Amino acid sequence: MPKTLVQEFTKGLWQELPPFRLVLGLCPTLGVTTSMENGLGMGIATTFVLVGSNLLISMLRSMIPPKVRIACFIIIIAAFVTIVELLMQAYTYPLYLKLGVFIPLIVVNCIVLGRAEAFAYKNKVSLSMADGMGIGLGFTMALGALGAVRELLGHGSVTVWGDFSYNLSASFPSFQPFSFMVQAPGAFICLGLMLCLINAVGD
Amino acid sequence: MGYFELIIACIFVNNILLAQFLGNCPFLGTSKKMETAIGMAMAVIFVLVVAGTITWVIYTYILVKFGLVYLRTMAFIVVIASLVQFVEMFLKKSIPALYAGLGIFLPLITTNCAVMGVCVLNIDKEFTFLQSLVASFFYAAGFGLALILFAGLRERILLARVPKPLQDTSIALVTAGMISLAFFAFQGMV
């Protein structure tokens with residue numbers, strides 16, 4: 001079924017929105033969303049890897065033998081992850097320190113490998129790019145949203161790169177931040193409830 | 001840090017699944033039945049101990065020695081992927097009974113962030129060889145403990161009446177949050 005570029009791009013934003021519709025890539029989703037800033041940073045890093053690996057795999061798809069394709073995908077993805085790692089170390093060092101172990105772990109993020117296997121290996125370069133960007137943008141939005149909810153409830157305010165901030169405690173003086181949300185158990189429960197909400201809206 | 005503290009820290013305080021959020025895909029994927037959960041836990045323990053020590057040796061004696069530290073991510077994933085393949089072939093030939101038990105879980109381990117994550121953590125925390133070995137084993141044991149506890153709970157949830165939007169993954173995540181809360185009590189012990 002031939003689809004347009006726009007369709008391939010927009011499906012990542014709702015229809016196949018990771019990590020809600022495609023329940024993949026949960027580790028970074030749970031691990032880094034203690035603040036909106038971290039969530040967005042992780043999303044952007046993943047998007048870069050996703051677009052890069054989709055592009056390269058799609059370009060090389062006639063050359064990669066089917067039997068060793070997974071190994072080839074992993075090497076290509078690992079190369080892009082190394083690029084991101086070094087770039088972040090050079091330009092966004094504080095964010096690099098905060099995301100820590102989760103940056104090298106983009107390499108084992110099931111979303112990236114999943115898109116390579118399910119999409120880029122079978123489709124044209126332009127479509128694969130659109131797919132990578134769409135899924136990446138969806139993932140970034142989801143991480144940003146989850147981070148925003150957790151930060152807002154956990155700390156009472158949201159700040160993104162010092163430019164944008166919103167203070168819930170100022171608007172609702174009776175609101176008390178509960179740090180449970182920014183700690184480990186809050187991540188699971190918050191994601192579970194958001195998934196529930198998306199299921200309820202989607203149906 | 002003494003070994004006893006290290007063991008407690010790896011199993012409970014910094015539980016790889018519930019406190020560090022590594023390896024959550026297989027955590028949700030293989031916990032629907034107790035049998036598969038036990039199989040996955042065993043496979044992870046087996047691979048993680050071997051991978052954790054081998055990557056430590058490679059990092060210390062090859063990458064650091066030749067100034068190739070920036071190739072860490074790539075080197076580790078290649079080592080893990082080939083190791084998993086090798087373990088699979090080795091078990092198939094020499095210990096068929098174990099292979100039959102672990103069989104389908106082995107390929108899944110390549111993309112298990114817990115394995116890669118522990119290898120990277122061992123390096124980041126500057127563990128010695130013996131510490132890496134102990135940490136790898138007990139992180140994996142913590143993974144197994146959490147996975148088996150969770151599988152037990154999920155089998156019970158099957159019998160409960162859950163509202164439609166909350167079904168399946170959603171309720172599983174909330175349950176995982178509850179177990180995580182229990183493990184959270186160990187925080188600050190070490």
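**Note on the predicted model: chains A and B**

1. Chain B has 9 helices and 0 strands, helices being DSSP runs of H or I of at least four residues and strands runs of E of at least two, numbered from the N terminus. This is a predicted model, in which local features need pLDDT of at least 70, side-chain atom pairs count only at pLDDT 80 or more, and totals for chains, interfaces and linings use all residues. Residues are numbered from 1 along each chain as its sequence is written, chains are lettered from A in the order in which they are written, and side-chain values use heavy atoms, without hydrogens and water.

2. The radius of gyration of chain B, taken over C-alpha atoms, is 17 Å, close to the 16 Å that the globule rule (2.2 Å times the number of residues to the power 0.38) gives for 190 residues, so chain B is as compact as a globular protein of that length. Its C-alpha atoms fill a box of roughly 60 × 45 × 30 Å along the principal axes.

3. In chain A, the axes of helix α3 (residues 36-59) and helix α4 (residues 69-91) come within 9 Å and cross at roughly 140 degrees. Axes are lines fitted to C-alpha atoms over the stretch in contact, and angles run from 0 to 180 degrees between N-to-C directions.

4. In strand β1 (residues 157-160) of chain A, 4 bridges lead to the antiparallel strand β2 (residues 164-167); pairing requires at least two DSSP bridges. Val160(A) stands opposite Phe164(A). The two strands form a hairpin with 3 residues between them, and Trp161(A) in the turn has a positive phi of about 50 degrees.
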